[in-house]
Amino acid sequence: MNELILFHPLYQERVWGGRGLETRLHRTLPEGRPIGESWDVVDRAEAQSRVQDGPWAGLTLRDLLQAHSAQIMGSSYPPERPFPILVKWLDCRERLSLQVHPPAEIAPALRGEPKTENWYIAEAEPGASLIVGLKRGTSRADFAKALVNTALEPCLHRFPVSMGDSILVRSGTVHAIDAGNLILEIQQNSDTTYRVYDWGRVGLDGKPRQMHVAESLASIDWTEFEPQPLRAARMEAVIAQAREFTIRRVPLQGSDRLRLLRGQQPRLLSVVQGAVEVHSAAGLRRLERGATALVPFAGEFTVAPLEDSLLLMTENFV
């Protein structure tokens, strides 16, 4: 199993999306539609990644795990268990809705799934910002009153971001992404989102989008005040540490080499700057900016930069 596994992206039309994945990541998008998300690794009943090439070309991620889970995920991984991580690119031409994902202790009662996610800012236009968490001292009563009065901004923690910044958004944290951000989102395998406010916008059908106010108020962590982003840097570091996954930032330049040894753990390797070559017994693979590869448990690989590059390595999800 010395094959890196790459998948065809699944593009999602969103009212807040645009064509940035085409111009910035050189993707071929469906014509004439605002594309907000590219789901690059997903194993869900309603959405399945398919292998791009190699010996398993055309297989879904679900098929792959059913047939080869020990080689890909390790011998203790149940073949019927969905792949635990979902990887997305987000092109935010407009601000997203204000939303929250239910915490694990609340999600079953709401018939939803928890979702902790990490945002890596691959590009940010001047003035781009994020909304994550509450302004210090904001209570549930303050928030509910502001929601009725459509005056939520003073309750929300909003801060500017630049290329290379990142932030971990845990389940229960109220959040929104402002316009002008290109983001790599690495998250739990979940698609439960409760919208609490949408800035007066209508959907692609011209009608107001569905809100989930009761579910949102039940899910918001009212103690999550003013979380801070991790600012851009070129040194290797853990940029996200959660129960569900760990993400390491790995810069490579010149003669640097990253060696991934057989039998350690499965990983996801995402190229967020530059380009790399990946050497293995199966041959040579070039990964450009925007690519995410599944590195199987049973494989052994050496990663070399073709130019100054930056990788995100997602680990500890099994």
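Buried residues account for 57% of the 318 residues in the protein. The structure described here is a predicted model, and its secondary structure comprises five helices and 22 strands. The radius of gyration is 20 Å, which agrees with the value near 20 Å that a compact globule of 318 residues would have. Along the principal axes, the C-alpha atoms occupy a box of roughly 60 × 40 × 40 Å. Among contacts with a separation of 6 or more, 75% join residues that are 24 or more positions apart.

The accessible surface of the protein amounts to about 13300 Å². Carbon and sulfur atoms contribute 50% of this surface. The protein carries 36 positive and 39 negative charges, and the mean positions of the two sets lie 2 Å apart.

Three buried residues were examined individually, beginning with Asp43. Asp43 is located in strand β3, which spans residues 43-44. Its relative accessibility is 3%, so Asp43 counts as buried, the cut-off for this class being under 20%. Two polar contacts involve the side chain of Asp43: one of 2.6 Å to the side chain of Gln48, and one of 3.0 Å to the side chain of Arg62. Both Gln48 and Arg62 also appear among the residues in contact with Asp43 beyond four places in sequence, together with Leu61, Leu65, Arg81, Pro82, Phe83 and Asn189. A separation of 8.2 Å is found between the C-alpha atoms of Asp43 and Ile85, two residues that are 42 residues apart along the chain.

Ser69 belongs to helix α2, formed by residues 61-73. With a relative accessible area of 8%, Ser69 is likewise buried. When residues up to four places away in sequence are set aside, Ser69 touches Leu64, Gly74, Tyr77 and Pro79.

His157 is placed in strand β9, which covers residues 156-160. The relative accessible area of His157 is 6%, and this residue is therefore buried. Its side chain forms a polar contact of 3.4 Å with the side chain of Gln228. Gln228 is also one of the residues that His157 touches outside the range of four places in sequence, along with Glu226 and Pro227. The other residues touched by His157 under this criterion are Leu130, Ile131, Val132, Gly133, Leu134 and Lys135.

Backbone geometry was considered at two loop positions. Most residues other than glycine have a negative phi. Thr150 has a phi near 50°, a positive value in a residue other than glycine. Thr150 is situated in the loop between α4 (140-148) and β9, the strand in which His157 is also placed. Thr150 has a relative accessible area of 51% and is therefore exposed, since the exposed class begins over 50%.

Trp199 also has a positive phi in a residue other than glycine, with a value near 60°. The loop that holds Trp199 lies between β13 (194-197) and α5 (213-219). At 23% relative accessibility, Trp199 counts as partly exposed, because this class lies between the limits of under 20% for buried and over 50% for exposed residues.

Technical notes: Residues numbered from 1 in each chain as written. Predicted model: local features only at pLDDT ≥ 70, side-chain atom pairs only at ≥ 80, totals over all residues. Heavy atoms only, no water. Helix = DSSP H or I, 4+ residues; strand = E, 2+ residues; numbered from the N terminus. Rg over C-alpha atoms; globule rule 2.2 N^0.38 Å. Buried < 20%, exposed > 50% of the residue type's maximum accessible area, 1.4 Å probe, protein only. Contact = heavy atoms within 4.5 Å. Areas by Shrake-Rupley, 256 points an atom, 1.4 Å probe, with all protein chains shown as cover. Lys, Arg positive; Asp, Glu negative; His and termini not counted. Charge placed at Lys NZ, Arg CZ, Asp CG, Glu CD. Polar contact = N/O pair within 3.5 Å; in protein donor to acceptor, adjacent residues only side chain to side chain.
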